[in-house]
Structures are given as C-alpha cells and as structure tokens.
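Dear colleague,

Here is the structure for your files. My notes on what was found follow below.

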Amino acid sequence: MTGPSTRRAKPRTRRYDLAAGEGVVRECRELTQRALSEWFGSAGAPGRLAAEDALLLVSEVVTNALTHGGVPYELRLDHAEGRLWVQVSDTSAVRPRPRGRHHADRPSGHGLYLLARLAAHWGCVPRDRGKAVWFEVVVRERTGNGSPT
C-alpha cells in the first residue's frame, strides 16, 4: 500500500533583459515587487520583512553591478517552497569582495554586508558574459502575532 501522494510546487522563473542606463535599479525593484506580490500574496506585500529585505538586496546587487561590475544585463527571479532566489548578471568577471571591515558610518560599501546579514544564502557564479551575483530570501506569511508561519 502506498501513502498519499504529495504534489510539489513547481519552481517559477522570470527573466528580464535589462537596458543599460538610468533607472535600472528602480526597474529591478519594481519587477521584483511585482513578482513577490504575485507569487507570495500578502507575504510579498510592502511592509513585510522578507519583501523589504529582498527589495533592498535587489537594489544593492544592481547598484554594485553598476558601480563595480560594468553593465547589469539580466535579472532572474525564481521561487519555490517559500523561497525567492534572485540573480543579477553583469559584464564584469571580477567577483564581489569586501573592501575591508564594514563601517556603518561610511556613505557606501554596505552591499556585501547587507547580503551577508539579510540573505539566507548568497554567492557569485561565472557567466559567459561576466558573472552573476545571486541571493536567496525566505518568504513566509506572518501569523496575527507577527511571527512567521
């Protein structure tokens, strides 16, 4: 006799080709916000911790690509089983690395620190046209008392 079958949710993926220039950070935030809301409902709504973390990290990774990596050319969003995986590809093969210890009073240099603090996991992989920096955020609905379900 076999037990009840369980259906696993299929991962969902969205890929966006990015245009170089002003507005790419805002565009990536908006695309990510739209996907979060569609995929996670109220858990992805503004004001939810995981959604805010994901949007902040998207801004940081795209800004770092612009500042240090050349030209960001693709945003990829994947989700499955309460997790959002974000990948930003840019034209530089240089891997991100901290520039010394983090100092909160500096006007910049917070991107990798924020990735380490807010993402469940993050990393960098080579691509044909440079590299992709990726991160994963856990997105869960909160109960009435504010704790994740």
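The protein contains three helices and five strands, and along the sequence these come in the pattern β-α-α-β-β-α-β-β. Please keep in mind that this is a predicted model.

Overall figures

Of the 149 residues in the protein, 38% are buried. The exposed surface of the protein comes to about 9100 Å², and carbon and sulfur atoms supply 51% of that area. Among contacts with a separation of 6 or more, 61% are between residues 24 or more positions apart.

Helix H1

H1 covers residues 24–40, which makes 17 residues. From its first C-alpha to its last, H1 reaches 24 Å, close to the 24 Å expected at 1.5 Å a residue. The buried residues of H1 are Val24, Cys28, Leu31, Thr32, Gln33, Ala35, Leu36, Trp39 and Phe40. That list takes in polar side chains, Thr32 and Gln33 being among them. Gly41 follows H1 and has a positive phi, near 55 degrees.

Strands S3, S4 and S5

S5 runs over residues 130–138 and is mostly covered, with eight of its nine residues buried. Two strands pair with S5. One of them is S3 (residues 83–90), which is antiparallel to S5 and joined to it by eight bridges. Within this pairing, Gln87 has Trp134 of S5 as its bridge partner. The other is S4 (residues 121–127), also antiparallel to S5, with seven bridges between them. Here Cys124 stands opposite Val133 of S5. S4 and S5 make a hairpin, and two residues lie between the strands.

Ser92

Ser92 lies in the loop between S3 and helix H3 (111–118). Is Ser92 buried or exposed? Ser92 counts as buried because its relative accessible area is 13%, and the cut-off for buried is under 20%. The side chain of Ser92 also has a polar partner: it reaches the backbone nitrogen of Val94 at 3.1 Å.

If you open the model, I would suggest viewing S5 together with S3 and S4, since both pairings are described above. After that, Ser92 can be found in the loop that follows S3 on the way to H3.

Regards

How values were computed:
Residues are numbered from 1 along each chain as its sequence is written. This is a predicted model: local features need pLDDT of at least 70, side-chain atom pairs count only at pLDDT 80 or more; totals for chains, interfaces and linings use all residues. Side-chain values use heavy atoms; hydrogens and water are left out. Helices (H or I, at least four residues) and strands (E, at least two) are DSSP runs, numbered from the N terminus. Buried means under 20% relative accessible area, exposed over 50%, partly exposed in between (1.4 Å probe, protein chains only). Contact means heavy atoms within 4.5 Å. Accessible areas come from the Shrake-Rupley method with a 1.4 Å probe; for residues, only the protein chains shown count as cover. The expected span of a helix is 1.5 Å times one less than its number of residues. Two strands pair if DSSP finds at least two bridges between them. A polar contact is a pair of N or O atoms within 3.5 Å; within protein, one must be able to donate a hydrogen and the other to accept it, and residues adjacent in sequence count only if both atoms are side-chain atoms.
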